[in-house]
Amino acid sequence: MSENNTKSSKAGWIAGISAIATLLAALGVNQFFPKLVDQWLTKPSHELRYDGFYKEQEAVDTDEATDYLRFYPDGRVINSSVVSSASAGEVVNWFNKNHQWAGKGTYVKTPEGTIEFVVKHLTGEVAYQGQVAGNTLNFHVKSRINQHESDKTYQFMETPSAN
């Protein structure tokens, strides 16, 4: 299939989905399924959020650690692993760029949502490469400490007193 046909095909699908979503909204479906209609009509944002932090989304027991990331508008990022039993309220009280034990780095993000950074901890470095998709971050993570690699998903958590 030629490049023009591929672009035309994609444009047709997008137009079709938009037409269906518009029709459903006109029929009043959004009264009963507002989140569904919003998902169809809204493209995911590639913007980072600074009014909270991102928490690793993984089912872990309370003896394991949960990974947290926080981004700042000036390009800085911090990272820490916390015992899973700690609440978000407990984490937000100390998880900021001035905390001595938080890993620190500088991120680079493209307008398309690709993001990369290396966080430096006292014990070594961890590299992150991934994508911003709305309130979700998807990363391939590689420890330069022990060479462990994994894919991780983080979900944004808004906090009223984020600093």
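This passage describes the fold, surface and strand pairing of a predicted protein model.

Local features were taken at pLDDT of at least 70 and side-chain atom pairs only at pLDDT 80 or more, whereas totals for chains, interfaces and linings use all residues. Residues are numbered from 1 along each chain as its sequence is written, and side-chain values use heavy atoms, with hydrogens and water left out.

The protein chain contains four helices and nine strands. Helices (H or I, at least four residues) and strands (E, at least two) are DSSP runs, numbered from the N terminus. Their order along the sequence is α-α-α-β-β-β-α-β-β-β-β-β-β.

The protein chain has 163 residues, of which 31% are buried (under 20% relative accessible area, 1.4 Å probe, protein chains only). Its exposed surface is about 10,300 Å², with 54% supplied by carbon and sulfur atoms; areas come from the Shrake-Rupley method with a 1.4 Å probe. Contacts (heavy atoms within 4.5 Å) were also examined by sequence separation. Among those between residues at least 6 apart in sequence, 40% join residues at least 24 apart.

Strand 7 (residues 124-133) pairs with strand 6 (residues 114-121) in the antiparallel sense over eight bridges. Pairing requires at least two DSSP bridges between two strands. His121 lies opposite Gly124 of strand 7. Two residues form the hairpin connection from strand 6 to strand 7.

Strand 7 also pairs with strand 8 (residues 136-143), again antiparallel and over eight bridges. Here Gly130 faces Phe139 of strand 8. The hairpin of strand 7 and strand 8 has two residues between the strands, and Gly134 in this hairpin adopts a positive phi near 65°.

Conventions: Buried means under 20% relative accessible area, exposed over 50%, partly exposed in between (1.4 Å probe, protein chains only).
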